[in-house]
Each structure stands twice: as structure tokens, then as C-alpha cells.
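Me: I should like to work through this protein chain by question and answer. Please begin with the overall fold and then proceed to individual side chains.

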Amino acid sequence: RHPPPAYASTVVTLYHSYHGTFVVGCSITSESFTESSLLAKENMSREEAAQLDENTVLQRYRNLQTECTQLVQKIAELEVDRNEHVLVEKTLTPLDPSRRAFRLVGGVLVERTVGEVLPSVETNRKNLDELIETLQGRLDAKQKETADLKTKYNIRTAEEAQAIQREQMRSSQAQAAS
């Protein structure tokens, strides 16, 4: 095993395993980078270029994961709003259109009739449905991009890397016992 490199930080810890995999909450194998991308860095040594590429890929992967998390949170928030709109629609639909209804508009409670409020609630719900669908499409695209990046560069989470190491240790122990 090699000691942690000098570029390891306290927030993101990098270490090099005996299989050549960098682990940072996710990892990248050194073999994943092409010679042409390494040679494109004229003033850098091959190791510096590989490390720069690894860091760039890892940063892109982390950014994609963060974007996915934010999209999931926003979709969940909008689904709660949509469910509230559906509940209000179901409550108002059987009522007499001339009956009084109160609606919160911009922090101000406004008195209207059910006939005036119901169409705007339905329109808002439809807009929320469309927005959720759009965000879900974006989320699917980001998740696919994340999975493609993970596959292309052999990125593993720390847990996945540890599981692989445990499995390799078990297999080596089984071979030694044979």
C-alpha cells in the first residue's frame, strides 16, 4: 500500500489502493484514461496529467450526483404542491359554484366564489404536472449521464470499492486455503 498522496485534503480524502484505484467517496482507475488525453498536456508529466483528468472526471461525477439530488428534492416538493391542488380540486368540485371560497394569493387571503377559484386551481395543477414531467425528464437524462460516466471511467463509490476489496481478499484466502 502507498501512503495517502500529498494532494489529499481533509474534506475529500484520496488514497491509492494496491489495485491502482483512487477512492474518494468514488474512485477512478488509472487505466481509464487514454494516452492521447495524457499526451495532450504538453508541460505536465504523465502522472500530473492523469491526476488532473481523474480530478476533472470525479468533479464532473460529483456535480452530476448533486444535480440529481437537487432535482429529486425539487420534484418531491412540487409533487406535494400538486397533491394539495388535487385535494382542493376534489373538495371544491362537488360544491355550488356560487359558494364563497377563500384563496391565498401572494400571502393575502382573498374571498372569491368556488366558480372563480376552481379553474385557477385546475390550471395551477396542470402547470405543476407539466413542470414535474419536465423535471423528471431532466432527472432521467442526468441519471443516464451519471451512469454512463460511471461506466466509462470505472467510477466506484467508497462502499463499492470496499466490497470489491473484501471479495478479493475472500477469494485470495480461499485460494491460499486450497
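Reply: A contact here means heavy atoms within 4.5 Å. The model under discussion is predicted.

Me: Among contacts in the protein chain between residues at least 6 apart in sequence, what percentage join residues at least 24 apart?
Reply: Two residues are in contact when they have heavy atoms within 4.5 Å. Of such contacts between residues at least 6 apart in sequence, the share joining residues at least 24 apart is 57%.

Me: In what order do the elements of the protein chain run from the N terminus on?
Reply: The secondary structure comprises four helices and six strands. Read from the N terminus, their order is β-β-β-α-α-β-β-α-β-α.

Me: What percentage of the 178 residues in the protein chain is buried?
Reply: The chain exposes about 12000 Å², and carbon and sulfur atoms supply 54% of that area. A residue counts as buried when its relative accessible area is under 20%. Among the 178 residues, the buried share is 28%.

Me: How far apart are the end C-alpha atoms of helix 3?
Reply: Helix 3 covers residues 114-152, which is 39 residues. At 1.5 Å a residue the helix should span 57 Å. The separation of its end C-alpha atoms agrees with this, at 56 Å.

Me: Which residue with a positive phi follows helix 3?
Reply: The phi in question is near 55°. The residue that follows helix 3 with this angle is Asn154.

Me: Which residues of helix 3 are buried?
Reply: An α-helix has 3.6 residues a turn, so residues three or four places apart point the same way. The buried residues of helix 3 include the charged residue Arg125. The full set is Val114, Val117, Leu118, Val121, Arg125, Leu128, Ile132, Leu135, Leu139, Thr146 and Leu149.

Me: How far apart in space are Asp81 and Leu128, C-alpha to C-alpha?
Reply: Asp81 belongs to helix 2, residues 46-92, and is partly exposed at 28% relative accessibility. Leu128 is one of the buried residues of helix 3. The two are 47 residues apart in sequence, and their C-alpha atoms are separated by 7.9 Å.

Me: Which residue forms a salt bridge with Glu145?
Reply: Side chains of opposite charge can pair when their charged atoms come close. For Glu145 and its partner, the closest N and O atoms are 2.3 Å apart. The pair links helix 3 to helix 2 across 85 residues, and the partner in helix 2 is Arg60.

Me: Is Arg60 buried, partly exposed or exposed?
Reply: Glu145, its salt-bridge partner, has a relative accessibility of 32% and counts as partly exposed. Arg60 has a relative accessible area of 33%, and its class is therefore partly exposed.

Me: Which residue forms a salt bridge with Glu111?
Reply: The closest N and O atoms of this pair are 3.7 Å apart. Glu111 lies in strand 5 and its partner in strand 4, so parts 11 residues apart in sequence are tied together. Glu111 is partly exposed at 42%, whereas the partner is exposed at 57% and is Arg100.

Me: Which two helices are tied together by the salt bridge between Glu160 and Lys150?
Reply: The side chains of Glu160 and Lys150 meet at 3.0 Å, N to O. Glu160 is partly exposed at 31%, and Lys150 is partly exposed at 25%. The residues are 10 apart in sequence, and the elements tied together are helix 4 and helix 3.

Me: Which residues are joined into one network by salt bridges that share partners?
Reply: The count of salt bridges comes to 10. Those that share partners join Arg82, Glu89, Arg125 and Asp129.

Me: Is Glu89 buried or exposed?
Reply: Glu89 is found in helix 2 and touches Leu118, Val121, Glu122 and Arg125, not counting residues up to four places away in sequence. A polar contact of 2.4 Å joins its side chain to that of Arg125. With a relative accessible area of 12%, Glu89 is buried.

Me: What accessible area do the residues of the nonpolar patch on the surface have together?
Reply: The patch consists of Phe102, Leu104 and Leu109. Leu104 is found in strand 4, residues 100-105, and is exposed at 60% relative accessible area. Together the three residues have about 360 Å².

Note on methods: Residues are numbered from 1 along each chain as its sequence is written. This is a predicted model: local features need pLDDT of at least 70, side-chain atom pairs count only at pLDDT 80 or more; totals for chains, interfaces and linings use all residues. Side-chain values use heavy atoms; hydrogens and water are left out. Patches are made of residues with over 30% relative accessible area and no salt bridge: like charges are joined within 9 Å, nonpolar side chains (Val, Leu, Ile, Met, Phe, Trp, Tyr) within 5 Å. Accessible areas come from the Shrake-Rupley method with a 1.4 Å probe; for residues, only the protein chains shown count as cover. A salt bridge is a side-chain nitrogen of Lys or Arg within 4 Å of a carboxyl oxygen of Asp or Glu. Buried means under 20% relative accessible area, exposed over 50%, partly exposed in between (1.4 Å probe, protein chains only). The expected span of a helix is 1.5 Å times one less than its number of residues. A polar contact is a pair of N or O atoms within 3.5 Å; within protein, one must be able to donate a hydrogen and the other to accept it, and residues adjacent in sequence count only if both atoms are side-chain atoms.
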